[in-house]
Amino acid sequence: MEVLKARYDLLVVGAGVAGCMAARVAAGRGLSVCIVDVKPRERIGEKVCADAIGKHHFDRLGLAYPRGEELKARIKGVRVFSPSKRVSYFVEGNGFIVNRRPFGQRLLRGALDVGAELLDEAKALRPLIKDGFVVGAEVKRKPEGKMEVYAEVTIDASGFLATLRSKMPPEAGFPTKIDRRDYCVGYREVRELEGELDEPDVCHIYLSSALAPGGYAWVFPAGEGKANVGLGVQAVEGHPNPRSLLYERVLSWTLFEGSRVLEAGGWFIPTRRPLENMVWNGFMVAGDAACQANPLHGGGIGQSLLGGSLAAEVASDAVEAGDVSLKALWVYNVRFMQLMGARNAELDVFRIFLQKLTDDEIEYGMSKRLITEEELARVSEGESISLSAFAKISKALRALGRPGFLRRLSRTLKLMRAVRSHYDAYPEEPEGFRAWREEAQRLFEAAREL
Ligand SMILES: Cc1cc2nc3c(=O)[nH]c(=O)nc-3n(C[C@H](O)[C@H](O)[C@H](O)COP(=O)(O)OP(=O)(O)OC[C@H]3O[C@@H](n4cnc5c(N)ncnc54)[C@H](O)[C@@H]3O)c2cc1C
């Protein structure tokens, strides 16, 4: 197999957004990098997705904005509808609807151009472990059969199923499975419409347990005369089939009369705070495999790009320093928590609260504007929930409308702040992790009890 050297500095499993970004950063730093993906090269980038990504993600990573065939539409915000659709919130924010395959191909080229090697149509099977370190992965490819790819550091960027993370030994402490309450099952179609979208530069989100229990339905622009329409439901035991719900309850809208399916498919969406720890000796996890997506809306393209980039920076430092131990890789956890994880953990408390609300309560909360659009925009940009939100809820409490609901909301906001402070104090060294994790678990158990 001519692509395989005996040993690489970095092995990246998965050439999605996280993996390509990681490979590009590490190869750009001079590491020898091998990327393994189960897809053939020309299909890399394809992903079941609603394809929306905020402009700020490109700015933060210094990536060129999508254009040409990569760009399906520009967006200027998101409108969130209440269950009755009578109330809506508009959250302003510039972004793009990307065409995932050409966008992914650009990211892949970015990695290959700086020297990374691609082993496509190759399925990673399990991590290779020696003397308490991950030293690579076993990979299967036709016609070669099984082979072993060795590396100083291996990054699992294989998406939700987390091929390597899920097969790590118990002493590494990673979850083999994600709690069913903490992910959604989504289904989406890209459709050519007969008519026009009301707002061709706004993403529409519909909150309603009748449409999408524990999740939401969406209609996003997807280029001229096209829409990406889908829904995600919380993956709890006995959850309804998202495709059936979409056909029964959304595609029956007048907008979709006479529309034609261009693409269809379903997949999983992690909707929880990031894994408490994302490293082990010689091993890192990035993107959906590490649950780095935004827990509130499941957007994970930008977050996975960031995760891949941070992981590769830390892996590069570690390889250069000749120490790829858990202790040396730990700073990846610290940086991700600082830049994204603490915010996501805070939002995760709100997500857990939202998933337990009735449609009636959501309608009430939105119609009273208990949390304002500005507040939502601030929180989604990484700020903590503000004191004015507390003041507003206290005032509403005094007016005695729905005291039970308002008290739960008030307790949720307090817990969000407590979680934020706890994640802001993420341990700088692995030694402090055990105690920190116990407290994190206690806080999230409290969130489930609210
Ligand atoms: C229905 C739906 C709608 C979504 N909408 C949005 C949205 O609008 N905006 C947004 O930001 N995010 C959205 N997301 C989430 C987003 O798609 C993901 O967060 C993001 O793509 C994760 O990137 P990743 O690189 O971690 O994983 P992936 O994109 O899943 O890439 C993983 C790669 O690993 C490869 N792979 C998997 N297993 C193996 C193996 N064993 N061996 C070798 N290779 C392997 C795969 O082929 C793939 O190329 C949506 C997700 C879904 C399901």
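Domain bounds here come from an automatic or database domain assignment, and the model itself is predicted.

**First selection: the ligand and its shell.** Select the ligand together with the 35 residues around it. The nearest of these are Asp 37, Ala 50, Ala 52, Ala 124 and Asp 288. Colour the shell by residue class next: 18 of its residues are nonpolar, 10 are polar and seven are charged.

**Second selection: polar backbone atoms facing the ligand.** Display the backbone of Ala 18, where an N or O atom lies 3.0 Å from an oxygen atom of the ligand. Proceed to Ala 50, which has a polar backbone atom 2.9 Å from a nitrogen atom of the ligand. At Ala 124, a polar backbone atom is likewise 2.9 Å from a ligand nitrogen atom. With the surface switched on, consider how much of the ligand is covered: taken alone it exposes 1,000 Å², and the protein buries 92% of that.

**Third selection: elements and domains around the ligand.** Show helix H1 (17-28), strand S7 (122-130), strand S12 (216-221), strand S14 (260-270) and helix H5 (301-321), each of which gives two or more residues to the shell. Then colour domain 1 (7-47 + 102-177 + 272-329) and domain 2 (74-94 + 180-270) separately. The ligand lies between these two domains, because both give residues to the shell around it.

**Fourth selection: the second largest pocket.** This pocket has a volume of about 380 Å³. Of its 20 lining residues, select Arg 272, Arg 273, Glu 276, Arg 437 and Gln 441, the closest to its centre. The lining as a whole comprises seven nonpolar, three polar and 10 charged residues. Add domain 3 (343-449) to the view: the lining takes at least three residues from this domain, and at least three from domain 1.

**Fifth selection: two backbone features.** As background, most residues other than glycine have a negative phi, and most peptide bonds are trans. Centre on Pro 143, in the loop between strand S8 (133-141) and strand S9 (145-156). The peptide bond that joins Lys 142 to Pro 143 is cis, with omega near 0 degrees. Finally, move to Glu 121, in the loop between strand S6 (117-119) and S7. Glu 121 is not a glycine, yet its phi is positive, at about 50 degrees.

How values were computed
Residues numbered from 1 in each chain as written. Predicted model: local features only at pLDDT ≥ 70, side-chain atom pairs only at ≥ 80, totals over all residues. Heavy atoms only, no water. Near = heavy atom within 4 Å. Polar contact = N/O pair within 3.5 Å; in protein donor to acceptor, adjacent residues only side chain to side chain. Areas by Shrake-Rupley, 256 points an atom, 1.4 Å probe, with all protein chains shown as cover. Helix = DSSP H or I, 4+ residues; strand = E, 2+ residues; numbered from the N terminus. Nonpolar A, V, L, I, M, F, W, Y, C, P; charged D, E, K, R; others polar. 1 Å grid on protein atoms, 1.4 Å probe; cavity = no way out; pocket = protein on both sides within 12 Å on 5 of 7 lines; lining within 4 Å. Points joined across faces, edges and corners; volume = space filled by probe spheres on them.
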